[in-house]
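The exercises below walk through one structure step by step. Please look at the sequence and the model before reading each solution.

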Amino acid sequence: MLRGAMSSPTALPRIPDNDLLGSFGPSTAQRLAFQRTLATQSAPVVRGRILHLPVYFPCTPEAAHEVLVTKAKSFEKSPGLRVLLHDLAGDGLFTSEGALWRTQRKLMAPLFQPAPLHRYADTMRRVAERAADSMRDGGRIDIAHETTRIAMSVVGAALFDIDTFDEADALGAALTTCLAWVNDNLATPALVAHVLMLDATASLAERTQGPVRAWLHRAHAKASSPFLLPGVRDPKLREAVRVLDERIAQMIADRRRQGLTRDDLLTRLLTARDPDGSGAAMSDAQVRHEAVTLFVAGHETTATALAWSFYLLARDPEALARAVAEADAFGDAPITRWEPERLAYCTRVFREAMRLYPPIMMVPRRTLEPVEIGGATLPARSLVFVSIYAQHYRPEVYESPDRFDPDRWLPEREAGRHKSSYLPFGAGPRFCLGMHFAMMEGPIVLATLLRRWRFDIDRSTTIREDNFATLRPLGGVPAVVRAR
Ligand code: HEM
């Protein structure tokens, strides 16, 4: 393709609309089919739309890499996500931008390096064992429900030193209500209209003076919250936000009263100091936003990836036998330490499950300035969606992309693949802060449960995906627990 001919975004190949509203389509099946179409595009970038707005999809790993990594400075995260998470974790690391994000990332990154996280290996094992203890031979369970309880409990223990499923459940129920609302409003025309209003008030304010300007500034500040979106005033949602606010504020107050001696991430957030800046600490409000962010980002994703891992293993006797053999090699000793070489196969299973079912399917960005991606110059304020799912199904990168094949992740088979052809944790400056945490938790929980029980599922039915905040198994993963 000629570079010169591609410089205008209007010359980019158009991807067909899914429905009247634009590219995505309202149902999970439509959204997945759309991303399968993206996976087979040879053009680096294609053009779609939401309502009348053009939106862009980088298709090749190289183009995705430009957006997320090499040209990341020319992008911000989608303002829509910030609006949606405003009441929940508005200024937390997932949604903040600019100087605040940089300071916070610097403060928090040391807590999420592999070495400081090793202390949580035993917590992960303990929580998984407690779940295994609660199961009975012949019992019917939903694996997705179990992995949610486990992941919520693990992050609850690591963050807040909460040691029971029940306490994590109370926070979890509130969180689920909030996430359901976020999910209902994700990538909807109402959200796009809200973001347009946000932009319009900002640009009009720049061009006016006096009381009109002050009014527009107030309107802009108001539009940063989702006050016009459907369901935002629902009493159940307001109550859920209140529960999260109050419980976490209480936990912060408890720690301050007790002298910040506890060994949990919340205490570490409260005592963290900017290493090469002013040495300043976070405000309590900032800590609350970060704590909710970590609680949200840290459990639903891991739980989903674990549920699919068990599902895929239950359908593949050979892979299951290899994972079980690895778990059994620990003998009677509990898996209390993180020894990656002893969980190499479970790690490959977990990685392959996230290839087939990336918990976060797509990451939205917006251009801050005109920027060239894949040979086309995208104008400032363009919406760009990097489909993680589409990258994971590119047939020229992954042979038989629909096949579950954990050995794809053997080092010799991985060599030569473009870095951005596998993106479950994103890439570039905004890549997942909790990646090492999740990559320990997945294999430890898998091995701990597989040592104790076999999970039989009905192999004649294929479980479909449900595009909730993450790519969940629709209807869960019903299974019968069998003694080994
Ligand atoms: C299998 C599990 C997980 C998956 C698939 C996952 C995926 C992701 C992805 C794709 C992003 C990047 C979003 C973007 O670029 O727009 C992200 C960011 C983030 N994740 Fe995770 N995540 C997982 C687990 C965790 C855990 C366990 C934690 C914390 C305990 C966590 C905390 C975060 C935070 C704070 C960010 C925002 C980072 C920033 O913008 O600086 N995640 N995650």
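**Exercise 1. Find which protein atom serves as donor to the iron atom of the ligand, and place its residue in the chain.**

Solution. The iron atom of the ligand has a single donor from the protein, the SG atom of C432, at 2.3 Å, where donors are N, O and S atoms within 2.8 Å of the metal (3.2 Å for Na, K and Ca) and water is not among the atoms, so sites may look incomplete. C432 itself is found in the loop between α18 and α19; helices here are DSSP runs (H or I, at least four residues), numbered from the N terminus.

The model is a predicted one, in which local features need pLDDT of at least 70 and side-chain atom pairs count only at pLDDT 80 or more, while totals for chains, interfaces and linings use all residues. Residues are numbered from 1 along each chain as its sequence is written, and side-chain values use heavy atoms, with hydrogens and water left out.

**Exercise 2. Work out which domains the protein has and how many residues each gives to their contact.**

Solution. The domain assignment, which is automatic or from a database, gives domain 1 (1-74 + 361-388 + 406-423) and domain 2 (75-354 + 389-405 + 425-483). Their centres, taken over C-alpha atoms, are separated by 24 Å. The contact (heavy atoms within 4.5 Å) takes 50 residues from domain 1 and 45 residues from domain 2.

**Exercise 3. Describe the lining of the second largest pocket, and explain why this pocket lies between the two domains.**

Solution. Begin with the lining, which consists of 29 residues, with R351, E414, Y422, F425 and M435 nearest the centre of the pocket. The elements giving two or more residues to this lining are α2 (61-70), α16 (344-356), α18 and α19 (435-452), and α16 gives the most, with 4 residues. Because domain 1 and domain 2 both give residues to the lining, the second largest pocket lies between them.

**Exercise 4. Decide whether V397 is buried, partly exposed or exposed, and name the residues that it touches.**

Solution. Buried means under 20% relative accessible area, exposed over 50%, and partly exposed in between (1.4 Å probe, protein chains only). V397 is partly exposed because its relative accessible area is 21%. The residue belongs to the loop between α17 (388-392) and α18 (411-414). Not counting residues up to four places away in sequence, V397 touches R417 and S421. The C-alpha atoms of V397 and R417 are 6.9 Å apart, although 20 residues separate the two along the chain.

Terms used: 1 Å grid on protein atoms, 1.4 Å probe; cavity = no way out; pocket = protein on both sides within 12 Å on 5 of 7 lines; lining within 4 Å.
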